[in-house]
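Got your viewer open? Let's take a walk through this one together, one selection at a time.

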Amino acid sequence: MESQGPKFIETDKFPIDRINEASAKEKNRGGMPPIWEMAFWWTRKPLIGARSIIAASILPESVDKSEFLRLVRLDSSASNVPHNSNPVQIPSLKDFFKNAKLLDPFAGFGSIPLEAIRLGVGEVVASDFLPTAYVFLKAVLEIPKWARDNNLHETLIKDVEKWGNWILDELRKDPEIQELYDDDAEGYIGSWEIRCPHCGNYTPLIGNWWLAKKVAGKGDNEETNLEEEGTKKGNFERLAWMVPKNINNKIYIDIFDLNKELSRDKINAKVNTSQGIVEAYGKKYKVQQPNIDAKRNTATCLICNNPIKGGKAFYVKDAVRDWNENLEKYLAGEITKEQLLNSKARPRIIVKVKKNIAFKKVIDQEKLWKALEMLKQIWGDPDIPIEPTPEYENHYMPIAYGVDKFFKFFNPRQLLTLVKLVKLIRQAGKRIEEEKLKVWDKDKARKYAEAIVTYLSIALAKYSDYNCVSSYWDGSLLKIDPGFATRGVKIMWNWVDNSPFSNLSGSFVKSLSSVLRGLQYLIDAISDSPTRVKVLLDDATKLNKITEDFDLIVTDPPYWDDVPYTELSDLYYIWLKRALSDVKEVAGVLMRVPKFHPEAFFDDAGNEIEIQWKRFADREISENEGRLEYFSKNVNASERFKQLLSESFKTSKKVNSFNYFKQLLSESFKTIADRLKEDGILVTYYTHTTPEAWEALLEAGWSKTGLRITKTHRFATESLQRVTARGKITLDTSLVVVWRKGFTSSEDLVNNVYLNAVNECSEKAKKFELRGLDLFISTLGCILSHFTQYKNFVGVVSKEDKESNKRDKADKKSYITILVEDYIYLATAEAILNAIGASSSESKLSSYSKFYLLSKVLIDKKNNTIRRSMDRNTLVLLSIGTRSDRNKLEKDNIVKKERDKIVLIEPSIKSNIGTDDRGEYKRNAIENVLRDKNIDPSSPNIRTPIDALHLLEYYAVTKPKESFRREYEDLQSKYDEIDEAVALAEKLYYALPANDIEREIIKDLLIALDKPPKEGIEKYLK
């Protein structure tokens, strides 16, 4: 690849807004690429974003912007979803891509390398250190390319469908399967029932009594969340729920279907989910509230109505653990079936889901217990996943419930069905290979069989995600949600037993269909690409299998504590390993032996890799304290872990998981930089708001590796409906960081760099036209690009050291920590404040006022009935950026704690105010603030400028202008904070969105002060 001068991505011509618009559509339902439906994977980045980044990192800065947009399918003629079309072939640009070599060392599910192939990049190498990701990368990148190059692509798709249907046909013929599933059953909704410690009877634990509350017009590709919306009025396509009935101290579950009750296809109703009330056509219906809240360790017996807690340990956890322990004893022949079914807890099927989403109550559990007996007969079969789950507690796995082996993630029927599917997939592989050996040589026949079995195994892995006790029923969309939908795997109280033959989401039929659509997409995407593709199983901290240098490295490195990939993807690994390996009798014992992709499941000596977490978890680049504590005591930990562990003990008495993460991240950056040509470009995605995470990135890329940031871009990478965004402050974007080798200057005074960065980035912040934390991230990127041009800084001193020299040496912060907290974060906040005219000397804003202003600007909220809330990370970010003391913020009533969040004390309307009078709304909103601050308007005591602001706001909306002026002048004579409050009010008016209730109140205040505002926010933001 030619490398003269800057690349297009390093210029302001890069059309980030156009790319973000398309990326946001792609991440939400309806725009997702079909390959994402093949199997769930975490943090997949939009394809159009990856395509644009790669193209802009290869093309020179002189490329025409309109030509670039046409290339990536973002011009005016492009479709609404650009990734559905391959890049446009532009002859004048073709050689730029043909001569380039690209590496992605954290390839995951392969979005980045796939788009490089579609662009025609000369050579693409995708690497990941986890076997599960490696198999997925083979399926996404290497197999479709091999099939295309050998003109087998159309045959491959047909044969995957043919053998998938063969497996389903064989499964239907299985007499045991015929015994276990009702002919009319699409699936079953199950839960757990426990023996009440008070009355001794079994009570089901139901986390959600709703079976259907689907809003009319909402399709499978749209989302609604009634729980978050509270009360919903309008037309409902379906409304149905379960009703408990106590008959002779036994709880039976009935179905109440409002559509049938009212004989209507659609129902006009008012539904209050939080109160469990449905009002329709003059009648009111009551829906049972959940009787289990695992987060708060509470449950209620439906028979005696007593609360179930249970001392130090939650009784429910102990009960489910009792079942899991007894289950293994029963299967091993140590206890009887009767003893097992007398456990403190047991699974229970409560509802049958029939075709067309009809619901029927289930009375007996015989089919479930029949599966249990069948399972006992084959106990010891190597296809039953008895591998241990991680032996350390974390919030991603239900270890506290006794799920200590992977087979316990499945009820007996689910497990038996999955085992039978494994055997059929293995049998299909042998038949395919035998069939092709008649016309092809041995290597080609084996590779073709491997290709088909790989896709069948992925369908199996997806089915296991939808058919386990971590899946759950989604009544708002009438579908099954997979276990991984909760960003982990948990014990669910409305799990789904999904028939392999059903039309419900995630059945084996549907999973096979998803894989086929994904494969067709890949075949079309790769088309006639000339790219040489290589998929490697390699560790990014070493990259031992890669010796060549690359023009471009684009990757999505781990984000501190985001996802424990190793442990979670083991739920895929256990099934992929079985379906892709063979079973043979060795010394009278059935054992797994290598077959397809053997390097993923067996080490160099031919020994089976039992489970990923044992082999790879201590090498995963993430911050996980429980994991590290475990491996610090494990003699089988990797040698590299032991070496790093001994180093961490030099400065700490316990394992420092954050230092360990930083060390591994730094090692990966150094290794990656070694594989980068001297004039090459490294592009990394990064998403986090904590100072520690950015400290880790700077240390890894800048301090220890010698890379500088030449440009950053704010990229839309996250779905607005994603699970992790619910109920907490998160980013909708990643910061895409462009790195190059070498520094432009050796050193400078840190204060000089600080001032230059603030001045330039505040001008850019005015042009970002952003709100929320995305504004902070975009400005932060600009600040980082200034600081990393220098190898070193003179005069870096922490705020604490400036104030006192008596601090213990052991408590002193590191150089990087000081740089991030006391310079980079502070510069970012000041640049934003400058952009909205709130940091100049005449603005007279204190740290409290800056904190309040930044909180209002950077944190979005849904409506005026709630207040802005923040997690600890956001509080730290804002307090550092404004030099505010976090403890004093709460003490002085700027914020307050509510459960697990910190809430900004600001005007908000009580939702039950019951009036259309806007004046009453404003009065209600400001009275709520004064009440929380314990401020009496008739005899006020002002402690902060924020108190002064809210008091003036109250007077402005409750008093005539003359009375207001008297109050104002009296306060001004007593409190210096009044003038600052007025200055703050002006800044807030121009910085807040038009629908913010405080902006309306401030307008009244400014008019009362004879300072009527100019409409619009252009005065400061543009």
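What follows is a tour in five stops, and keep in mind that the model is predicted.

**Stop one: the cavities**

How many cavities of 30 Å³ or more does the structure hold? There are six of them. Start with the largest, which has a volume of about 460 Å³. To land in the right spot, select Phe-106, Gly-108, Asp-128, Asp-556 and Tyr-565: among the 31 residues lining this cavity, these lie nearest its centre. If you colour the lining by class, you'll get 17 nonpolar, five polar and nine charged residues.

Now hop over to the second largest cavity, with about 60 Å³ of space. Select Lys-138, Glu-142, Ile-143, Trp-146, Lys-447, Glu-450, Ala-451 and His-597 to show its lining. Which helices should you draw as ribbons here, each supplying at least two residues of that lining? Go for H6, residues 131-149, and H15, residues 442-466. H6 gives the most, with four residues. By class, the lining of the second largest cavity splits into three nonpolar, one polar and four charged residues.

**Stop two: two helices that cross**

Next, pick helix H5 (residues 111-119) and helix H16 (residues 508-526). Their axes come within 8 Å and cross at roughly 40 degrees. That angle makes H5 and H16 oblique to each other, because angles under 35 degrees would count as roughly parallel and those from 65 to 115 as roughly perpendicular. Turn on side chains to see who meets whom: from H5, take Leu-114, Ile-117 and Arg-118; from H16, take Tyr-521, Leu-522, Ala-525 and Ile-526. This contact is made up of six nonpolar residues, no polar ones and one charged.

**Stop three: a pair of rings**

Time for some aromatics, as the structure holds 47 aromatic pairs. Zoom in on Trp-210 and Trp-241, whose ring centres are 5.5 Å apart. Why is this pair called edge-to-face? The planes of the two rings stand at 70 degrees, and over 60 counts as edge-to-face. Show the strands as well: Trp-210 is in S5 (residues 210-215) and Trp-241 in S6 (residues 231-246), so the pair ties together parts that are 31 residues apart in sequence.

**Stop four: an open pocket**

Move on to the second largest pocket, which has a volume of about 700 Å³. Its lining has 26 residues, and Asp-12, Lys-711, Thr-712, Lys-764 and Phe-768 are the ones nearest the centre, so to speak your landing lights. Four elements each supply at least two lining residues: helix H1 (16-27), strand S24 (707-716), helix H24 (750-768) and helix H25 (772-787). Which of them gives the most? Highlight S24, with six residues in the lining of this pocket. Colour by class again, and the second largest pocket shows seven nonpolar, nine polar and 10 charged residues.

**Last stop: a loop residue**

Finish by selecting Asp-75, in the loop between helix H3 (65-72) and helix H4 (91-98). What does Asp-75 touch, leaving aside residues up to four places away in sequence? Add Arg-18, Leu-69 and Arg-70 to your selection to see these contacts. For a sense of scale, draw a line from the C-alpha of Asp-75 to that of Ile-611: the two are 47 Å apart in space and 536 residues apart in sequence.

Definitions and conventions. Residues numbered from 1 in each chain as written. Predicted model: local features only at pLDDT ≥ 70, side-chain atom pairs only at ≥ 80, totals over all residues. Heavy atoms only, no water. 1 Å grid on protein atoms, 1.4 Å probe; cavity = no way out; pocket = protein on both sides within 12 Å on 5 of 7 lines; lining within 4 Å. Points joined across faces, edges and corners; volume = space filled by probe spheres on them. Nonpolar A, V, L, I, M, F, W, Y, C, P; charged D, E, K, R; others polar. Axes fitted to C-alpha atoms, helices over the stretch in contact; angles between N-to-C directions. Parallel < 35°, antiparallel > 145°, perpendicular 65-115°, else oblique. Contact = heavy atoms within 4.5 Å. Phe/Tyr/Trp six-rings, centres within 6.5 Å; stacked < 30°, edge-to-face > 60°.
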